[in-house]
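Here's a quick briefing to read alongside the model on your screen. Keep the 3D view open and click along as each topic comes up.

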Amino acid sequence: MTTAKMISIGILRAVITLVLLSVALFLLYKIQSVVIYLIVSLILTLIGNPILDFFKRRLKFNHVFATIAVLFIYILIISGFIMLAVPLILSQGEYLSVLNTVSIENKILQLIDQITVFLESHHIDSAQVLQEANISSKLNLNFIPNFLNALLGTISSFGVGLGSVLFITFFFLKDRRIFILGARKLIPNSYEDQILNSLEKTNHLLSRYFIGLLFQLFIVFLLYLIVLFIFGIPNALIIAFLCAVLNIIPYIGPLIASFLAALLSMLSNLGSDFQSEILPTTIYVLIGFWIVQLIDNNLSQPIIFSKSVSSHPLEIFLVIIIAGFLSGILGMIIAVPLYTIIKVIGKEFFPENTIIKLLTKDI
C-alpha cells in the first residue's frame with residue numbers, strides 16, 4: 001500500500017535526479033570546448049586506427065612509433081592546408097592593412113549597376129526592383145576591420161585547440177587498449193559481449209566512413225580546382241579547398257559552394273565588361289561546378305559512402321533528409337555516423353527483429 005512516506009521519498013528522488021541532471025548539463029555547457037576537443041580527437045582516432053595498424057603490420061613499427069607516425073601525418077596535412085593559405089594572406093597583407101571599405105562598396109555597386117544595365121538591355125524589369133531595394137544605403141562594409149581583428153583572435157584560439165586535439169588524439173591512439181580494458185570493467189557481465197562487439201564494429205565502420213569522406217572531398221577538390229584553373233579564376237586553390245570543405249554538408253553544401261564560386265568569380269573580374277566577360281565566366285564556372293556535383297552525387301559519393309558503412313545509397317539519402325528536417329545542417333552532417341552506430345547496436349541487441357535484420361544484413 002502506498003504511503004505518504006513512500007510518495008515523499010519518490011518525489012525527493014525525482015527532485016535529486018533533476019538537480020543532478022541540471023548540474024551535469026550546466027557543467028557540460030561550461031566545458032563545451034573540451035567536449036568538442038574530445039569529439040574531434042575521437043574522429044581523428046577513428047581515422048587513424050587503420051593507418052596505425054598499417055604501420056604496425058606492414059612496416060613493423062612498434063606501437064609508440066606507429067602512433068607518432070600517424071600524428072606526424074596529421075601535422076603534415078594541417079601544415080599543408082596552412083601553407084596553402086599563407087601565399088594568399090601574404091599577397092593581401094598590404095591591402096588588408098590599408099583596407100578601404102569605401103572602395104570595395106563602390107566596386108560592388110558598380111557590379112550591381114552593370115547587372116541593372118544588362119537586365120534592361122534584355123527587357124527585364126528587374127532594375128526597378130534593385131533600385132527600390134536601396135542597396136546603396138544598406139551596403140556597409142565598415143564591419144570588415146573588426147572582423148579581421150576577431151579573425152586573429154579566432155586563429156589564436158584555433159592554435160590552442162589544435163594543440164589540445166593532437167595531444168588527446170596521441171593518447172587515444174597510444175592507449176586505446178587501456179581504454180578498452182577500463183571500459184570492460186565498467187560493463188555489466190550480462191551485456192559485455194554485445195557492447196564490445198558493438199564498439200568493435202562501430203570503430204571499424206566509422207573508420208572506413210571518415211576515410212571515405214576524406215577521399216570523396218579530395219576528389220571534389222581536384223575537380224573544382226580543374227574547373228577554376230580552366231577559366232583562370234584567381235586564388236583557385238583556396239576557393240576549391242573552401243568549396244570542397246562545404247561538401248561535408250550533404251546536398252546543401254554543394255549549393256553553397258556553387259554560390260560562393262559564382263560570387264568570387266564575379267568579384268575577381270570587377271572592372272571588366274559585365275556582358276562579355278563577367279557573366280560568361282561566372283556561368284561557365286557554375287556549369288563546371290554543377291558537372292562536378294553531378295559526378296559526385298551519382299558516382300563517387302554513393303559508392304564511397306554505401307561501401308564504407310554497408311548501407312544502400314537510397315537508405316543514406318533518406319537518413320540524411322530526415323536528419324535535416326529534424327536537426328538542420330548539424331543533423332545532416334552527423335546523420336550517417338549516428339545511423340551507423342544505431343544499426344550496429346540494433347544488430348547486437350535485437351538480432352531477431354525483422355526490420356533490423358533487413359537493414360543490417362550487410363554488416
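Rings of Phe, Tyr and Trp (its six-membered ring) count as a pair if their centres lie within 6.5 Å. With that in mind, ring pairs link F54, F55 and F61 into a cluster. What you're looking at is a predicted model, and its secondary structure comes to 14 helices and 0 strands.

**The overall picture**
- Reading along the sequence, you'll meet the pattern α-α-α-α-α-α-α-α-α-α-α-α-α-α.
- The protein has 363 residues, and 32% of them count as buried.

**Aromatic pairs**
- How many aromatic pairs does a search of the whole structure find? The search turns up 6 of them.
- One of these is the stacked pair F55 and F61, with 5.4 Å from centre to centre and 10° between the planes.
- The two partners in that pair don't sit in matching surroundings: F55 counts as buried at 11% relative accessibility, while F61 is partly exposed at 34%.
- F170 and F171 make an edge-to-face pair, with their centres 5.1 Å apart and 85° between the planes.
- F171 is partly exposed, and its relative accessible area is 30%.
- If you're wondering what to note down for any such pair, a pair of aromatic rings is described by the distance of the centres and the angle of the planes.

**Salt bridges**
- A search of the whole structure gives 2 salt bridges.
- In one, the side chains of K174 and D175 meet, at 3.2 Å from N to O.
- Is D175 buried or exposed? D175 counts as buried because its relative accessible area is 16%, and the cut-off for buried is under 20%.
- Its partner K174 is partly exposed, with a relative accessible area of 29%.
- In the other, K343 pairs with E315, and the closest N and O atoms are 3.4 Å apart.
- Here K343 is buried, at 5% relative accessible area, and E315 counts as buried too, at 16%.

**A nonpolar patch on the surface**
- Look for a nonpolar surface patch of about 1000 Å², made by I226, I230, F231, I283, Y284, I287, W290, I291, I295, L299 and I303.
- Which helices each supply at least two residues of the patch? They are α9 (192-230) and α12 (274-309).
- The largest share comes from α12, which provides 8 residues.
- I226 is a handy one to click on: this residue of the patch lies in helix α9.
- I226 is partly exposed, with a relative accessible area of 47%.

**The second largest pocket**
- Now find the second largest pocket, which has a volume of about 1300 Å³.
- This pocket is lined by 35 residues.
- Which of those residues lie nearest its centre? They are L46, N49, I180, L199 and N203.
- Four helices to trace here are α2 (32-57), α8 (176-186), α9 and α13 (313-349), and each supplies at least two residues of the lining.
- Helix α9 gives the most to the lining, with 14 residues.
- So α9 is worth following with your mouse: besides its part in this lining, α9 supplies at least two residues of the nonpolar patch.

Note on methods:
Residues are numbered from 1 along each chain as its sequence is written. This is a predicted model: local features need pLDDT of at least 70, side-chain atom pairs count only at pLDDT 80 or more; totals for chains, interfaces and linings use all residues. Side-chain values use heavy atoms; hydrogens and water are left out. Patches are made of residues with over 30% relative accessible area and no salt bridge: like charges are joined within 9 Å, nonpolar side chains (Val, Leu, Ile, Met, Phe, Trp, Tyr) within 5 Å. Accessible areas come from the Shrake-Rupley method with a 1.4 Å probe; for residues, only the protein chains shown count as cover. A salt bridge is a side-chain nitrogen of Lys or Arg within 4 Å of a carboxyl oxygen of Asp or Glu. Buried means under 20% relative accessible area, exposed over 50%, partly exposed in between (1.4 Å probe, protein chains only). Rings of Phe, Tyr and Trp (its six-membered ring) pair if their centres lie within 6.5 Å; planes under 30 degrees apart count as stacked, over 60 as edge-to-face and the rest as tilted. On a 1 Å grid over the protein atoms alone, a cavity is a set of points where a 1.4 Å probe fits but cannot get out, and a pocket is an open set with protein on both sides within 12 Å along at least five of seven lines; lining residues have an atom within 4 Å of a point. Grid points are joined across faces, edges and corners, and a volume is the space filled by probe spheres set on the points.
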